[in-house]
There are 6 protein chains.
Amino acid sequence: MTVQAKPVSASRIDNHVYKIFPNDLNARKTAFGGMIMSIADRVAVVAAERHSGNVCVTASVDSWHFVAPAKENDTLVFSVSVNRAWTSSMEIGVRVDAENSYENTRKHIVSAYFTFVAVDDDGKPLPVPALLPENEREKQRFEAAEIRRQARLNTRESLKRFKA
Amino acid sequence: MTVQAKPVSASRIDNHVYKIFPNDLNARKTAFGGMIMSIADRVAVVAAERHSGNVCVTASVDSWHFVAPAKENDTLVFSVSVNRAWTSSMEIGVRVDAENSYENTRKHIVSAYFTFVAVDDDGKPLPVPALLPENEREKQRFEAAEIRRQARLNTRESLKRFKA
Amino acid sequence: MTVQAKPVSASRIDNHVYKIFPNDLNARKTAFGGMIMSIADRVAVVAAERHSGNVCVTASVDSWHFVAPAKENDTLVFSVSVNRAWTSSMEIGVRVDAENSYENTRKHIVSAYFTFVAVDDDGKPLPVPALLPENEREKQRFEAAEIRRQARLNTRESLKRFKA
Amino acid sequence: MTVQAKPVSASRIDNHVYKIFPNDLNARKTAFGGMIMSIADRVAVVAAERHSGNVCVTASVDSWHFVAPAKENDTLVFSVSVNRAWTSSMEIGVRVDAENSYENTRKHIVSAYFTFVAVDDDGKPLPVPALLPENEREKQRFEAAEIRRQARLNTRESLKRFKA
Amino acid sequence: MTVQAKPVSASRIDNHVYKIFPNDLNARKTAFGGMIMSIADRVAVVAAERHSGNVCVTASVDSWHFVAPAKENDTLVFSVSVNRAWTSSMEIGVRVDAENSYENTRKHIVSAYFTFVAVDDDGKPLPVPALLPENEREKQRFEAAEIRRQARLNTRESLKRFKA
Amino acid sequence: MTVQAKPVSASRIDNHVYKIFPNDLNARKTAFGGMIMSIADRVAVVAAERHSGNVCVTASVDSWHFVAPAKENDTLVFSVSVNRAWTSSMEIGVRVDAENSYENTRKHIVSAYFTFVAVDDDGKPLPVPALLPENEREKQRFEAAEIRRQARLNTRESLKRFKA
């Protein structure tokens, strides 16, 4: 079966919102990073399954650098798109902003890059459609995804001797 | 105020368990990666706060590579330790295994490296105690933590022009 | 203080996703209506707070008619917009579809109309900005919102003598 | 198979309690409406399944008018009864009060009317037993349920041309 | 301030329902005991706070003996009453049944006896009203509560030398 | 099939941590007892399943006496071990401490003794391995477990006539 290429827009999620709750906050009233990672993964898998048309599992996640904290009463806004597809894997980019709806401001919290693999009933990888970037931004992400992939492979190599 | 160095054992968590629930599973009956990331962060912050004696926030998380899936009825086992401390940050290593308690087997699922920062009431970084590695394994982790730190800084540099 | 009118697009949420979990399903493997209502309210309040710039509370919700059930493995997709604003209240429309990402199909589950009121620290109503509908669809919703408002007032009147 | 009529008392739930948690409160310390709707649905379905003896799904919910907010530390008290049964559907009435257990006061928050349908394994409607109202209050609710049913049908008709 | 005695009926909760969810079940499809204990405590505290008119904390819980398992699709029904009040503490009895609403059957799962203490802002015990048992059943429970109290004190004594 | 005896260390869990959340606290900012009971049961079942190699269900729980409250920002630390095994049941001891990681202090909150039974697919009891206590502490617990077992049987006997 040949798998037809799909545009980014067919799986993109622009405006997923999550109002921060008291249980999400530490004693300094900033949101736990792990809570944000967990939601990002839950939204990213939807984009991956839309693109691949199959159940997808998280294979890896690139480094997260939190650039600012999310605070009490902020609403997290998740923007998610497939950046590139390879034989049997996809990179999904997730950008998270914290919106203060009362003051109409937003700040960037973190960007994350997930690699998902589409799997069959036995957990074996399935082919995924190619991705068609259609504008400048999508093409830039398409290119960066390949660089990140190489960085992933290199880092993994250089750390092999230290793996616990 | 001088901050006294502390051994790894003062903050280590060896045996945190989480039995997987139906809600944690996708349609292939494997556990969501984001759920595992979220628990890892919740346990890692306890080690970071034990070591630093202050409220800690997640500053970054290194790449995650899931090496095997966790399944229905597995129990996740989290082993957590501070690997190294710098002026105002700490690397916390988290190893996650999936245990089948019925067959007495375990397999490695993922290892993750978190960087936490201790913060005051205004979110400003606070100094953290130095870490004293006391055995071969702890010393190896101490060394690897520094290499990962350099890799983090390098990767961040090389990707700057692509940041969304 | 005069409150400046705002377009629909300033608060609109198009693509909020929720993957259905085992805990959301009854013994026939269809999703509980109350779970869908609860998420709709959580997303609608974000649109209301974006439009009003203040904390908002749910004042009323129009009749819900579930037109089809959501099933196991479906992803709920919420589309939310402010339909009309009056002196101190807003109607927020929420359309919920169930998407089968594997077969690339969607079906309409339910549409709901919430009335929110912006409130101050003492729970007293605050003025809200007028709404600017900008296209045919938004104008149609703007008109329908007023008819629903009259229906709400009429129904409430005719049922007064039965109120428990 | 003939289905035997049942009295209201066979399915009634008088005193279901829910202590409000920090996560249920907005920035003005009042409870989210959607949280209350979700619990009401979860309790109402128990009354519907007791009356029908089958799995039930929410078919529609009449307008909700919140008459007062529930606050921090209040306990919600749900009173639930089947008001009327038709061929294959039932109206379930839910009254929600907020109790301040420390001052021994209660106030009415909202009343809601759910329509549930009993369904078989394929989601097809099943016949439900008739309802036997046994006292003045139950008879009044039995009568009001029919009026609300007509209002539902009329409103639905008059809004058909606006449905998104 | 004298505290006026109150009847059992002023705080009694007869019919609190909880439909069992997939997440509440182990691999044999029976409900976790700890989940049942947790709900029992959440309902019991409402009865304790109604009786005492103050914030209450769990001081102790008598032995639990599960006499039958609760299963998938069962609805748990909690019956809760204050059995006796002493100077600053109350015994709350909780009976849990598992109802199969489809077959109109119930079986007894577990009965539990909680001791709650009413506390002020500093956690110091506050006097609680006396309890007025009004019928045979309530008087029987009133008597049994005192016997259980003595058993609690005796057992605690005889195990002192083994306390970990 | 003979079942081989196992040492305590094969199933022991020393350092399970749970950071207390806002939702876990009452109006006096102390943690709900039922929440602590529920986590204890979830961790204890892991020890029971490790020891028995089969699915286990909670058969009974001995009296709980809360000796101190857990507070906001505390981290609960659970220490869990199998204390003794009989033909088809095991006693699991759980000690819960509240740790203030910022001040490096711990206090004892509660100790609990669970009896678990290993069950087959039909819920019938299965034989469990004998337990090998290996040091003074484990032997002391082994002895105390038998005394508690007798106390359980005696108390159950003397209360039979009062059972609701």
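This report describes how the chains of a predicted model meet and how some of their strands are arranged.

**Chain B and chain A**

The contact between these two chains takes 48 residues from chain B and 48 residues from chain A. The size of an interface is often given as the accessible area lost when the parts come together. For chain B and chain A, the buried area is about 4100 Å². Carbon and sulfur atoms give 58% of that area.

Charged side chains also meet here, since 2 salt bridges are counted between chain B and chain A. One salt bridge pairs Arg28(B) with Asp121(A), and the closest N and O atoms of the two residues are 3.3 Å apart. Polar contacts across the interface of chain B and chain A amount to 12 residue pairs, with both residues at pLDDT 80 or more.

Which elements of chain B give two or more residues to the side that touches chain A? They are helix H1 (33-52), strand E3 (56-61), strand E4 (64-65), strand E7 (105-118) and helix H2 (136-158). Of these, H2(B) gives the most, with 10 residues. By residue class, the side of chain B that touches chain A holds 21 nonpolar, 13 polar and 14 charged residues.

Strands take part in this meeting as well. Strand E3 (residues 56-61) of chain A is joined to E4(B) by 2 bridges, and the two strands run antiparallel. Within this pairing, Ser60(A) has His65(B) in E4(B) as its bridge partner.

**How the two copies are related**

Two copies of a chain are related by a rotation about an axis and a shift along it. A turn of 180° with a shift of 0.0 Å along the axis lays chain B on chain A, with an RMSD of 0.0 Å. The two copies are therefore related as by a two-fold rotation axis. The residue of chain B that comes closest to this rotation axis is Ser63(B), whose C-alpha lies at 2.3 Å. Both copies use the same surface, as 100% of the contact residues of chain B recur in chain A.

**Chain B and chain E**

Chain B also has a contact with chain E. A rotation of 120°, with 0.0 Å of shift along its axis, superposes chain B on chain E with an RMSD of 0.0 Å. These two copies are thus related as by a three-fold rotation axis. The contact takes 5 residues from chain B and 4 residues from chain E. On the side of chain B that touches chain E, the residues divide into 2 nonpolar, 2 polar and 1 charged.

The table sets out values for the two interfaces of chain B.

| Chains | Buried area | Share on carbon and sulfur atoms | Source of the values |
|---|---|---|---|
| Chain B and chain A | about 4100 Å² | 58% | computed |
| Chain B and chain E | about 410 Å² | 61% | computed |

Between chain B and chain E the count of salt bridges is 0. The count of residue pairs in polar contact between chain B and chain E is 1, with both residues at pLDDT 80 or more.

**Chains that do not touch**

Some pairs of chains have no contact. Chain B and chain D are not joined by any contact, and their closest C-alpha atoms lie 18 Å apart. Chain C and chain F do not touch either, and their nearest C-alpha atoms are 18 Å apart.

**Sheets built from two chains**

An open sheet of 6 strands has the order E4(A)-E3(B)-E7(B)-E6(B)-E5(B)-E2(B), and the pairing is antiparallel. Its edge strands are strand E4 (64-65) of chain A and strand E2 (13-19) of chain B, each of which pairs on one side only. E2(B) is joined to strand E5 (residues 75-85) of chain B by 5 bridges, and these strands run antiparallel. Here Lys19(B) has Thr75(B) in E5(B) as its bridge partner.

Another open sheet of 6 strands has the order E2(C)-E5(C)-E6(C)-E7(C)-E3(C)-E4(D), with antiparallel pairing. Strand E2 (13-19) of chain C and strand E4 (64-65) of chain D each have a single partner strand, so one side of each is left without a neighbour in the sheet. Inside chain C, strand E5 (residues 75-85) and strand E6 (residues 89-100) pair in the antiparallel sense over 10 bridges. Ser79(C) stands opposite Arg95(C), which belongs to E6(C).

Conventions. Residues are numbered from 1 along each chain as its sequence is written. Chains are lettered from A and ligands numbered from 1 in the order in which they are written. This is a predicted model: local features need pLDDT of at least 70, side-chain atom pairs count only at pLDDT 80 or more; totals for chains, interfaces and linings use all residues. Side-chain values use heavy atoms; hydrogens and water are left out. Contact means heavy atoms within 4.5 Å. Buried area is the accessible area (1.4 Å probe) that two parts lose on being put together, summed over both. A salt bridge is a side-chain nitrogen of Lys or Arg within 4 Å of a carboxyl oxygen of Asp or Glu. A polar contact is a pair of N or O atoms within 3.5 Å; within protein, one must be able to donate a hydrogen and the other to accept it, and residues adjacent in sequence count only if both atoms are side-chain atoms. Helices (H or I, at least four residues) and strands (E, at least two) are DSSP runs, numbered from the N terminus. Ala, Val, Leu, Ile, Met, Phe, Trp, Tyr, Cys and Pro count as nonpolar, Asp, Glu, Lys and Arg as charged, and the others, Gly among them, as polar. Two strands pair if DSSP finds at least two bridges between them. Copies are superposed by least squares on the C-alpha atoms of residues with pLDDT of at least 70 in both.
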